[in-house]
Amino acid sequence: MIGEGYAADSNAMHSSTEVTGLLIAWCNGDQNALERLIPLVEKELHRLAHQYMHHEYPGHMLQTTALVNEAFVRLMDQTRVRWQNRAHFIAISARIMRRILLNYARDQNRIKRGGGAIHVSLSEAIISTERSAELIALDEALNRLASIDERKSQVVELRFFGGLSVEETAEVLKVSPVTVMRDWNLAKAWLARELTNEA
């Protein structure tokens, strides 16, 4: 279920320094930096949203652009965040997108139980329900993992959901790449066991 993380492409890496500089300038009140940052941030958010939507069923009612727009609105509200760098931005964006999709999955489950009426085919309803249940189960397992070992939970969130490379994850968590790989492998094994027990 949990495969290898997305390796950032050369364009994303090329803009890393620029994104970091603009994030810091924006934090310090430079509105011109925000105007220059938005196109770069939009690219980052689309890349991240594609990573998230890759795990959803085809025809998911929440599309990539809607996920980006919702995440962007929430990111603009993050006025207390002291942005450190591009990796920190991606980490927070990943968490926000995970929350958006999780809330959507929970809403879908409420609708399925009679909270609203939407016409979908039986096969679409089955796939939607299964994916929603999987996302909720994964989130609950990640929360349990966080209560035991928060860093391992963060590694999964950053690599699986955020699509960060080992090196980017190490940068966000301020640990070595070797530590990230060890945590990643242990967390995958732990989650696989937890999710199998729930099935």
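In this predicted model, Thr-20 is in contact with Gln-84, Asn-85 and Arg-86, when its neighbours within four places in sequence are left aside. Thr-20 itself lies in helix H2, and because its relative accessibility is 17%, under the 20% limit, this residue counts as buried.

Helix H2 also packs against helix H3, with the two axes 8 Å apart and at an angle of about 140 degrees, and the crossing in which H2 passes H3 is left-handed. On the H2 side the contact is made by Glu-18, Val-19, Leu-22, Leu-23, Ala-25 and Trp-26, which meet Gln-31, Ala-33, Leu-34, Arg-36, Leu-37 and Leu-40 of H3. Sorted by character, the residues of this contact comprise nine nonpolar, one polar and two charged. Ile-38 is likewise placed in helix H3, and because its relative accessibility is 31%, between the limits of 20% and 50%, it counts as partly exposed rather than buried. Between Ile-38 and Leu-23 the C-alpha to C-alpha distance is 9.9 Å, while the two residues are 15 residues apart in sequence.

The largest nonpolar core of the model holds 56 residues, and those that touch the most other members are Leu-37, Tyr-52, Leu-67, Trp-83, Phe-89, Met-97 and Leu-191. Two or more residues of this core come from each of helix H2 (16-27), helix H3 (31-53), helix H4 (64-76), helix H5 (86-115), helix H6 (122-148), helix H7 (150-161), helix H8 (166-173) and helix H9 (177-198). Of these elements, H5 gives the most, with twelve residues. In soluble globular proteins, nonpolar side chains tend to be buried together. Trp-83, when residues up to four places away in sequence are not counted, touches Leu-23, Ile-24, Trp-26, Cys-27, Leu-75, Gln-78, His-88, Phe-89 and Ile-92.

Helix H8 is mostly covered, since six of its eight residues are buried, namely Val-166, Glu-168, Thr-169, Ala-170, Val-172 and Leu-173. Just after this helix, Lys-174 takes a positive phi of about 60 degrees, a sign that is noted here in a residue other than glycine. Lys-174 is placed in the loop between H8 and H9, and because its relative accessibility is 62%, over the 50% limit, it counts as exposed.

The confidence of the prediction varies along the chain, whose mean pLDDT is 76, with 74% of the residues reaching 70 or more. Confidence is lowest in helix H1 (residues 10-14), at a mean of 46, and highest in H9, at 91. Over residues 1-10 the pLDDT is below 50, although this stretch has 25 contacts in the model beyond near neighbours in sequence. The pLDDT is also below 50 over residues 113-129, a stretch that has nine such contacts. Where pLDDT is low, the predicted coordinates should not be read in detail.

Notes: Residues numbered from 1 in each chain as written. Predicted model: local features only at pLDDT ≥ 70, side-chain atom pairs only at ≥ 80, totals over all residues. Heavy atoms only, no water. Core = buried A, V, L, I, M, F, W, Y, C linked by side-chain atoms within 4.5 Å. Buried < 20%, exposed > 50% of the residue type's maximum accessible area, 1.4 Å probe, protein only. Helix = DSSP H or I, 4+ residues; strand = E, 2+ residues; numbered from the N terminus. Contact = heavy atoms within 4.5 Å. Axes fitted to C-alpha atoms, helices over the stretch in contact; angles between N-to-C directions. Left-handed = near helix turned anticlockwise from the far one by under 90°. Nonpolar A, V, L, I, M, F, W, Y, C, P; charged D, E, K, R; others polar. pLDDT = per-residue confidence, 0-100.
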